[in-house]
Amino acid sequence: MLDMHPRVRVDVDSLMAAQHDLGVCDAIRRIAPGGKADAMSAPHLPKVAGIDPAVTASPHTAAPAPARTTPSPVPPPGPGSLIQDRLAGMVSDLTTLHELTERLARTGDLDSSLHEFLRAGAALVGARRGLLVLEPSDGLGPTTTIGLGLGHADLGHIETVPRSATSYGRILDGLPDAHGGSEVLPEPGAPAGTGGFAAPVDPRHREVAARLGYAASYAVPLTAEATGRLGAAVWLYDEQAEPGERQRDLAGLYVRHAAEHLARMLEVERSRSRLATVAEELLPSRLPRIPGVQLAARHHTGPLGGGDWYDALPLPEGALGLAVGSVTGSGPSAVAAMGRLRASLRAYAVMEGEDPVAVLSDLELLLRLTEPARSATALFAYCEPAQRKMILAGAGHAPPLLIGEHRTEYVETSLSAPLGMLSCWEAPSVEIEPAPGETVLLYTDGLLQRTGDPMDRAYARLHAAAAGVPRSARDDPAAICDHILRTVLPDGETADSPEDIVLLAARFE
């Protein structure tokens, strides 16, 4: 609002303003008398940070409006700009490759590596879905197929297409044209030889593509220097499209690096599988059937291959020997030590199984003489199912858990050191008499450590899981073991932990 004197009247002649190409404010300046009104309408310098300028512009020194000129054409970019743009693109590509390879290097097993490779490849070639077939050329396995944006049913449909009709199938079969690349499915009704095929499309391939809604694909072989062909990956486009030259180059660099990483993960997976197989073969292939007692066991080997073990063997006069234990360390040496320790305990149990303290004393002496740098925990129980009596002794091992309809409690065993820790081991035994229908659960500390809780909380968690066994499962020791595993482990049996798990349940009738 202008601060003008009430006796001052300003008339704006619109015709004059239009003839002289003036704005309203310019017309006011032309015809207004000198004085306060003219000063008020003068332009002001802008404020900076809320502070008025020290010098104000005088009304008669205002800068005239710039004259209208025709804009000059923008000159084309010079060679320097083109080089800078190209360098910026190269830096961006290298940064992308670095981030993707870092993410791949952080994967710790074969399955997560395959999924990460498939996701990164889809981002590089601009696809939304894809699948990867792991099929090493040496035939030693493992073989698997994983999908990105594809369910199990979708993968099943794709696998019904003859391998020779797909680009990734020809890669896996080693056909002459197994070089990968783009394939564009021709439109329905198009003549043969159109699209990305030199021959008519297989009818089943066309049907599956229509069902899943993809119109083109881009396939690459997975080949490592040390192992040869590992498999093939293919990414699917919803429309008839293919990756550009820049995308192909980036994908090629990434695939070459990723194939070497996948080859290393493949060797690690094979080593773990062989170690787990050896560990399983060292354990009982089946549990004995003894009148008056039902047995069940669960054993899960960690990724590093630990030394946890269990055993159940018939003894003279209808008796039964139950044992669980754990050898320190991991890997092949721990598995081998576990096998030797279990075989030795079986021999001592046959000779003097009715005295668990003598069995563990002999085992401790053998361990100290043959493997002085290793220690182990063990628990051995001599059972008489007909009398429902159990005599047990433990060496640094977790106490058994007695599970019944009216009570769920830990068996109080004497506190003793593990085998191999003292010059001479000996501890008193404990005798218990389970009631009909009660189950005695023996386990290794790997079950407690996989919870990730402190030991006191882990024991409380195991006790709560045992007390919460449904009534319908109390008559089946296998169902009791499965319930405890599901309840105690936070991520189920596949929790990422190096610890082995052993459960051995004996239900007395």
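## Elements and model

Helices and strands here are DSSP runs, numbered from the N terminus; a helix has at least four residues and a strand at least two. Glu-317, for example, sits in the loop between β7 and β8 (319–330). The model is predicted.

## Unusual backbone sites

Most residues other than glycine have a negative phi, and most peptide bonds are trans. Glu-317 departs from this pattern: its phi is positive, about 60°, although Glu-317 is not a glycine. Its relative accessible area is 83%, so Glu-317 is exposed. Arg-388 also has a positive phi, about 50°, and is not a glycine. Arg-388 belongs to the loop between β9 (376–384) and β10 (389–395). Its relative accessible area is 29%, which makes Arg-388 partly exposed.

One peptide bond to note is cis: it runs from Gly-141 to Pro-142, with omega near -5°. Pro-142 is found in the loop between β1 and β2 (144–148).

## Cavities

Rolling a probe the size of a water molecule over the atoms shows where empty space is left. Searching the whole structure gives three cavities of 30 Å³ or more. The largest has a volume of about 120 Å³. It is lined by 14 residues, and those closest to its centre are Thr-166, His-205, Tyr-214, Ser-217 and Leu-236.

Which elements give two or more residues to the lining of the largest cavity? They are α7 (167–173), β4 (216–224) and β5 (228–237). By class, nine of the lining residues are nonpolar, four are polar and one is charged.

## A nonpolar surface patch

Three residues form a nonpolar patch on the surface: Ile-83, Leu-87 and Met-90. Together they have about 300 Å² of accessible area. Leu-87 lies in helix α4, which covers residues 79–105. Leu-87 has 49% relative accessibility. Exposed means over 50%, so Leu-87 counts as partly exposed.

## Salt bridges

Side chains of opposite charge can pair when their charged atoms come close. The structure holds 24 salt bridges. One of them joins Asp-238 and Arg-128, with the closest N and O atoms 3.0 Å apart. This pair links distant parts of the chain, 110 residues apart. Asp-238 is in the loop between β5 and α9 (245–282), while Arg-128 is in the loop between α5 (110–125) and β1 (129–134). Asp-238 is partly exposed at 38% relative accessible area. Arg-128 counts as exposed, at 52%.

Arg-170 and Glu-183 form another salt bridge, their closest N and O atoms 2.1 Å apart. Arg-170 lies in helix α7 and Glu-183 in strand β3 (residues 181–184), so the pair ties together parts 13 residues apart in sequence. Is Arg-170 buried or exposed? Its relative accessible area is 11%, so Arg-170 is buried. Glu-183 also counts as buried, at 6% relative accessibility.

## One more pair and a network

Asp-311 forms a salt bridge with Arg-346, and the closest N and O atoms are 2.7 Å apart. Here too, distant parts of the chain are linked: Asp-311 is in strand β7 (residues 306–315) and Arg-346 in helix α10 (residues 332–352), 35 residues apart. Asp-311 is buried, with a relative accessible area of 0%. Arg-346 is partly exposed, at 29%.

Salt bridges also join up in a network. Arg-103, Glu-116 and Arg-119 are its members.

Notes:
Residues are numbered from 1 along each chain as its sequence is written. This is a predicted model: local features need pLDDT of at least 70, side-chain atom pairs count only at pLDDT 80 or more; totals for chains, interfaces and linings use all residues. Side-chain values use heavy atoms; hydrogens and water are left out. On a 1 Å grid over the protein atoms alone, a cavity is a set of points where a 1.4 Å probe fits but cannot get out, and a pocket is an open set with protein on both sides within 12 Å along at least five of seven lines; lining residues have an atom within 4 Å of a point. Grid points are joined across faces, edges and corners, and a volume is the space filled by probe spheres set on the points. Ala, Val, Leu, Ile, Met, Phe, Trp, Tyr, Cys and Pro count as nonpolar, Asp, Glu, Lys and Arg as charged, and the others, Gly among them, as polar. Patches are made of residues with over 30% relative accessible area and no salt bridge: like charges are joined within 9 Å, nonpolar side chains (Val, Leu, Ile, Met, Phe, Trp, Tyr) within 5 Å. Accessible areas come from the Shrake-Rupley method with a 1.4 Å probe; for residues, only the protein chains shown count as cover. A salt bridge is a side-chain nitrogen of Lys or Arg within 4 Å of a carboxyl oxygen of Asp or Glu. Buried means under 20% relative accessible area, exposed over 50%, partly exposed in between (1.4 Å probe, protein chains only).
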